[in-house]
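Biologist: I have a model open in my viewer and would like to learn how to read it. Could you take me through it, one feature at a time?

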Amino acid sequence: MTIASRVTPLLVLFIAACGQPAEQNEEPEQTTGRTPQFENEHVEVWKSVIVPNQPLEMHRHDNPRAIIALKGGTLTVVNDAGDRREMTWETGSAYWLDADPPGELHGDVNEGTEPVEVIVVQLKGVGE
């Protein structure tokens, strides 16, 4: 068996592997949204991912909640009156947020370059 007969099949495999489209090797693109994690009569828990340039839709929290930052960053919270405030979450840290003011909606905007990921543990029947 010649060297060429041994190398040719390997060369063909190498060329075929190099010709794969880049999309197959890249991670799927994340989108902004909530993923339910756990719920009982005391708490509702979800994971929120807020991707740059994909705001979380307008919503409200009638109950207080704890936020645990899985991947920190700064969010701009915009209420329905247009008022804005920044909230910075540090990776691995936990935060407490009171219930939202009655009737007020807000949206979360990530103006950074990386997704922000948090776990939200919202108490039930406390702030109503």
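Modeller: Gladly! Let's begin with contacts: two residues are in contact when they have heavy atoms within 4.5 Å. This is a predicted model, and among its contacts between residues at least 6 apart in sequence, 71% join residues at least 24 apart.

Biologist: Thanks. Which elements does the protein chain have, and in what order do they run?

Modeller: The protein chain has one helix and nine strands. Reading from the N terminus, the order is α-β-β-β-β-β-β-β-β-β.

Biologist: How do I read the pairing of strand 1 with strand 2?

Modeller: Look at the direction and the bridges. Strand 1, residues 33–39, runs antiparallel to strand 2, and six bridges join them. The two form a hairpin with three residues between the strands. For one pair to click on, take threonine 35, which stands opposite lysine 47 of strand 2.

Biologist: Is glutamine 37 buried, partly exposed or exposed?

Modeller: Here a cut-off helps: buried means under 20% relative accessible area and exposed means over 50%, with partly exposed in between. Glutamine 37 belongs to strand 1, and it counts as partly exposed because its relative accessibility is 46%. Setting aside neighbours within four places in sequence, glutamine 37 is in contact with Val45, Trp46, Lys47 and Ile119. Try a distance too: from glutamine 37 to valine 120 is 9.4 Å, C-alpha to C-alpha, although they are 83 residues apart in sequence.

Biologist: What about asparagine 53: where is its place?

Modeller: Asparagine 53 is in the loop between strand 2 and strand 3. Its phi is positive, about 65 degrees, although it is not a glycine. With a relative accessible area of 71%, asparagine 53 is exposed.

Biologist: Which strands does strand 5 pair with?

Modeller: Strand 5 pairs with strand 6 in the antiparallel sense over six bridges. Strand 5 also runs antiparallel to strand 8, with five bridges joining the two. You can check one partner on each side: valine 78 bridges to arginine 84 in strand 6, while asparagine 79 bridges to histidine 106 in strand 8. The hairpin of strand 5 and strand 6 has four residues between the strands, and glycine 82 there takes a positive phi near 95 degrees. Strand 5 is mostly covered, with five of its seven residues buried.

Biologist: And how should I think about the nonpolar core?

Modeller: The general idea is that nonpolar side chains tend to be buried together in soluble globular proteins. In this chain of 128 residues, 29% are buried. The largest nonpolar core has 13 residues, and Ile67, Trp89 and Val118 touch the most other members. Strands 2, 4, 5, 6 and 9 each give two or more residues to this core, and strand 9 gives the most, with three. Valine 118 is a good one to select: beyond residues up to four places away in sequence, its contacts include Trp46, Ile67, Leu70 and Trp89.

Biologist: Last one: which residues lie nearest the centre of the largest pocket?

Modeller: Those are His61, Arg65, Leu97, His106 and Asp108, out of 24 lining residues. Among the elements that give two or more residues to the lining are strand 3 (56–59), strand 4 (65–71) and strand 8 (106–110). By class, the lining has 13 nonpolar, four polar and seven charged residues. The space in this pocket is about 300 Å³.

Key. Residues are numbered from 1 along each chain as its sequence is written. This is a predicted model: local features need pLDDT of at least 70, side-chain atom pairs count only at pLDDT 80 or more; totals for chains, interfaces and linings use all residues. Side-chain values use heavy atoms; hydrogens and water are left out. On a 1 Å grid over the protein atoms alone, a cavity is a set of points where a 1.4 Å probe fits but cannot get out, and a pocket is an open set with protein on both sides within 12 Å along at least five of seven lines; lining residues have an atom within 4 Å of a point. Grid points are joined across faces, edges and corners, and a volume is the space filled by probe spheres set on the points. Ala, Val, Leu, Ile, Met, Phe, Trp, Tyr, Cys and Pro count as nonpolar, Asp, Glu, Lys and Arg as charged, and the others, Gly among them, as polar. A nonpolar core is a set of buried Ala, Val, Leu, Ile, Met, Phe, Trp, Tyr and Cys residues joined through side-chain atoms within 4.5 Å. Buried means under 20% relative accessible area, exposed over 50%, partly exposed in between (1.4 Å probe, protein chains only). Two strands pair if DSSP finds at least two bridges between them.
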